[in-house]
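The exercises that follow ask you to read a structure step by step, and each comes with a worked solution. Please look through the sequence and the structure before you begin.

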Amino acid sequence: MHHKEVILKVMGHEIDKWSSFYEGQIADLQKEIVSLNSKVEKLKSKNEVLQSKINLHTPADHYKNKYESLLRYMQQLSGGVTYDLLEEWCLSSDIEDAYMLLIMCEKLISNNDYKMSLYILELLNHNQNPLLHHNEKIQELYQSIMSLLFLNDSEVDEEFDKLVISGLELLMKLGNSSLRSVNATYIQKNFYKILDNIFNLNTPSILTRFMRVCLIYNLRLELIDTFHQMLDVEWGFLDSSIAEDDFIFLLWYSYLFDFDELLLENASASIQWFQESNRDLSLYFYLYNSTNKTIIPNKEGYQFQQKNLQDGSVLTNLEKSKIFAKVESELNPLMIHQKKEAIFDYKISSIKDEQVDDFIQLYDLDWKSVSIPLFQDKNDNRIRGYINETLLLSKTGKKAFIPEEKLERVNKKHFPLIIKTKNTDGIIINKDPSINDENKHQSIFSWPETELKSITSVTEVEEKNLNENSALKLMGSNYWINEGKKVGDTTKSCSCAWSKKSRCNYSL
């Protein structure tokens, strides 16, 4: 009996333990049921709100609008696709019109209808809004059009070239839009295929536009690869067809990426455009002459050459700003640190080569290196730069002479800039040894930079060389008449350039 009680007691204990466990499980499940019921009620409530909104805004209006849009497109297309219709779609702000415009463009290009598809691209170049909708279908169509233009292996066709050019222009216009990163990624992803197709077209104006697109999207590595392929592989096919504007563009771009020397080495037919007289290239020559120390750059000279390029129409403002930044980084150290010879700012006289020894003896001259200014032409008074050159200088350092042959050589070297000189045709070199030193420096023509003779001496020279009715004396009379002075008024002083400097004592 005692043994049965023990067994029953153990069994009761086990039953109580499992009963407690399952009761806890049941309680947890009941709590979860309550929680789920609460969520269901909330979802029902939210669903009712959403349904009420849908019922409020759509059924009738939504399907009515869709129906009306469908009828409108059917009516528009009943007469075929017209240019007016394409323009209407492009100017519309509706996403449906944007979709119709792009899908039409895609189909036209696919069907080789380049004339009407070119018109759509030209419309988009004027108004990019149809491309800027945040819509997946719109973006898919845009990507498809770009691929038809740049990734398809098309035969050389002048009309297709126009499409590619218009597509590149569109990419430039979108450079500051919400599609900037999308376009940059697309070009990087498909770069080598695009580049191959660009070179296959063998049209320099398309190549330059593609390079411009790369610069706008800051694709520097892609531009460097473009130069490598152009100069190493494709140049022989391009050189003969490069126009002047294309050459200017390529030279400045090659300068920005340090390919300019290689380009000039390869240029054969196109080298004809490499002229310093070209205003768009004069800055390049100025930089070259400065870095090779054939001229000493200065601020005025640089600003003059900078304006030449700034006024040009080949490059954009973005391109010019990058060029000026690089040029200034190279010129500024030369302006600050380059050592100049003593600056000679008096007038320089040109002499005939056979008279060099005579002038050395006449004026006791020595060959000396000085820094002399360059000008745009003989009437220019604005210094464009300095060069170090060897001239014949007097002991006082106020007279300088340059042989004509050397003058011609220097001017040719620095064309279009020149050294301003005056000639010495009026000086007569007297080789008679009996003439004493006092009269050795006298000449029939009064040298303007020396002390002028007295009134008596000038009068003697005039009486000796001019008759009363000479053209020169009549010219002098006419001068006074033209200035509003009486011919007979002998109290008037000469108004020549030398009298203004108090160096002329001549009176009429």
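**Exercise 1: a salt bridge beside a strand**

In this predicted model, Lys395 and Asp366 form a salt bridge whose closest N and O atoms are 2.6 Å apart. Work out where the two residues sit along the chain, and decide whether Lys395 is buried or exposed.

*Solution.* Begin with the positions: Lys395 lies in the loop between S3 and S4, whereas Asp366 belongs to strand S2, so that the pair links distant parts of the chain, 29 residues apart. Next, turn to accessibility, where exposed means over 50% relative accessible area and buried means under 20%. Lys395 has 54% and therefore counts as exposed, while Asp366, at 30%, counts as partly exposed.

**Exercise 2: the sheet around S2**

Determine the order in which the five strands form the sheet, and explain why one side of S2 and of S5 is left without a neighbour.

*Solution.* The strands follow the order S2-S3-S4-S1-S5 in an open sheet with mixed pairing. Strand S2 (366-374) and strand S5 (421-423) stand at the edges and each have a single partner strand, which is why one side of each has no neighbour in the sheet. On average, neighbouring strands are turned by 50 degrees against each other, direction ignored. As for S5, strand S1 (residues 348-351) runs parallel with it and is joined to it by three bridges, and within this pairing Ser349 has Lys422 as its bridge partner.

Two helices can then be added to the picture. Helix H17 (residues 356-363) packs on the sheet, where it touches S1, S2, strand S3 (385-393) and strand S4 (400-403), and its direction makes about 170 degrees with that of S4. Helix H18 (residues 404-413) also packs on the sheet, touching S1, S2, S3, S4 and S5, with a direction at about 80 degrees to that of S4.

**Exercise 3: two salt bridges to helix H16**

The structure holds eight salt bridges. For Arg212 with Glu319 and for Asp258 with Lys326, find which parts of the chain are linked and how accessible each residue is.

*Solution.* Arg212 and Glu319 have their closest N and O atoms 2.6 Å apart. The pair, 107 residues apart, links helix H10 (residues 204-216), which holds Arg212, with helix H16 (residues 317-337), which holds Glu319. Arg212 is buried at 16%, and Glu319 is likewise buried at 1%.

For Asp258 and Lys326, the corresponding distance is 2.7 Å. Asp258 lies in the loop between helix H12 (244-256) and helix H13 (260-266), and Lys326 lies in helix H16, 68 residues apart. Here Asp258 is exposed at 59%, whereas Lys326 is buried at 18%.

How values were computed:
Residues numbered from 1 in each chain as written. Predicted model: local features only at pLDDT ≥ 70, side-chain atom pairs only at ≥ 80, totals over all residues. Heavy atoms only, no water. Pairing = 2+ DSSP bridges. Helix = DSSP H or I, 4+ residues; strand = E, 2+ residues; numbered from the N terminus. Axes fitted to C-alpha atoms, helices over the stretch in contact; angles between N-to-C directions. Contact = heavy atoms within 4.5 Å. Salt bridge = Lys/Arg side-chain N within 4 Å of Asp/Glu carboxyl O. Buried < 20%, exposed > 50% of the residue type's maximum accessible area, 1.4 Å probe, protein only.
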